[in-house]
Amino acid sequence: MTENELKVKLFVMDTGPLITLAVAESLSYLLYPDVAVYIPDAVIYEATIKSGALGAENIALWVQEHSELVHIIITQAYVDYQTLRNVNPMYRKQDLGEEAALEAIRYGLHLDTNERAVLLTEDDRDANILVLPQDHDRLIPLTTFDFLVGLELAGRIKSAEEVYRIVAKEGRNASRLYEQARKAVERLLKQKC
């Protein structure tokens, strides 16, 4: 790699991609681009706090097994949450993962001038809320489905749709946008015939 080539970091900014890939037993796909993977601490917490929840055990095990490649970003949002939980074990915080992701994007995700971050989320509306206009040149939002399609087009996986079929079969509605996009493409293809 030359000095001027762009480097990429993969940033998983919500639980959706983790749960979707865990249910399909495809978390390893996050490592296929051969780039560092960063996940905010609160996102890992939310994805694994209920050990019986869909994908939780697979996610926890995957993070442990790949600790040299998967980096947890420590956030003040999560530290504060844990502090309050120590005082009151019943304390809950809505949108903790999103708050931690925003903090991590702003303060915890350090990018050199030749680096970009791919922000992986289940729904592109989440990414559009978190990425400010001044960050568009360094932060690239990408849905789980788009990430999988990219891997498929690169010949790294067999089928993005197969992942979603497995996930749907297990009872997880992985992405409202995926189904809408699939139907829109089908309509477009039918119009061209």
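This note goes through a predicted model point by point, from the overall fold to single residues.

1. **Overall make-up.** The chain holds 9 helices and 5 strands. Along the sequence they run β-α-β-α-α-β-α-α-β-α-β-α-α-α. The chain has 193 residues, and 42% of them are buried.

2. **Contacts across the sequence.** Take the contacts between residues at least 6 apart in sequence. Of these, 69% join residues at least 24 apart. Two C-alpha pairs described below, Glu-122 with Gly-16 and Thr-143 with Val-118, show such separations in sequence.

3. **The largest pocket.** Its volume is about 210 Å³. Which helix gives the most to the lining? That is α2, with 4 residues. Both α2 (41-48) and α4 (76-87) supply at least two residues each.

4. **Who lines the pocket.** The run Tyr-45, Glu-46, Ala-47, Thr-48, Ile-49 and Lys-50 is part of the lining. Ala-53, Tyr-81, Arg-85, Arg-92, Lys-93 and Leu-96 complete the lining. By class, the lining has 6 nonpolar, 1 polar and 5 charged residues. Charged side chains in the list include Arg-85, Arg-92 and Lys-93.

5. **Aromatic pairs.** The whole structure has 6 aromatic pairs. One of them joins Tyr-29 and Tyr-32. Their ring centres are 5.1 Å apart, and the planes meet at 50°, so the pair counts as tilted. Tyr-29 is buried, at 17% relative accessible area. Tyr-32 is partly exposed, at 25%. The cut-off for buried is under 20%, so the two partners fall into separate classes.

6. **A stacked pair in α4.** Tyr-78 and Tyr-81 also form an aromatic pair. Here the centres are 6.3 Å apart and the planes 25° apart. Planes under 30 degrees apart count as stacked, which is why this pair gets that label. The two residues are 3 apart in helix α4, so about one helical turn separates them. Tyr-78 is buried, with 16% relative accessibility. Tyr-81 is buried too, with 4%.

7. **A tyrosine cluster beside the pocket list.** Ring pairs link Tyr-45, Tyr-78, Tyr-81 and Tyr-91 into a cluster. Two of these names, Tyr-45 and Tyr-81, also appear in the lining of the largest pocket. Tyr-81 is therefore a residue to look at from both sides: a buried ring and a lining residue.

8. **Glu-122.** Where does Glu-122 sit? The residue is in the loop between β4 (115-121) and α6 (124-130). Is Glu-122 buried or exposed? At 8% relative accessibility, Glu-122 counts as buried. Its side chain makes a polar contact with the side chain of Thr-20, at 3.1 Å. Another polar contact, at 3.3 Å, goes to the side chain of Tyr-164. Gly-16 is 106 residues away in sequence, yet its C-alpha is 5.0 Å from that of Glu-122.

9. **Thr-143.** This residue belongs to strand β5 (residues 139-143). Thr-143 is buried, with a relative accessible area of 9%. What does its side chain contact? There is a polar contact with the side chain of Asp-146, at 3.0 Å. Val-118 lies 25 residues from Thr-143 in sequence, and the C-alpha atoms are 9.7 Å apart.

How values were computed:
Residues are numbered from 1 along each chain as its sequence is written. This is a predicted model: local features need pLDDT of at least 70, side-chain atom pairs count only at pLDDT 80 or more; totals for chains, interfaces and linings use all residues. Side-chain values use heavy atoms; hydrogens and water are left out. Buried means under 20% relative accessible area, exposed over 50%, partly exposed in between (1.4 Å probe, protein chains only). A polar contact is a pair of N or O atoms within 3.5 Å; within protein, one must be able to donate a hydrogen and the other to accept it, and residues adjacent in sequence count only if both atoms are side-chain atoms. On a 1 Å grid over the protein atoms alone, a cavity is a set of points where a 1.4 Å probe fits but cannot get out, and a pocket is an open set with protein on both sides within 12 Å along at least five of seven lines; lining residues have an atom within 4 Å of a point. Grid points are joined across faces, edges and corners, and a volume is the space filled by probe spheres set on the points. Rings of Phe, Tyr and Trp (its six-membered ring) pair if their centres lie within 6.5 Å; planes under 30 degrees apart count as stacked, over 60 as edge-to-face and the rest as tilted. Contact means heavy atoms within 4.5 Å.
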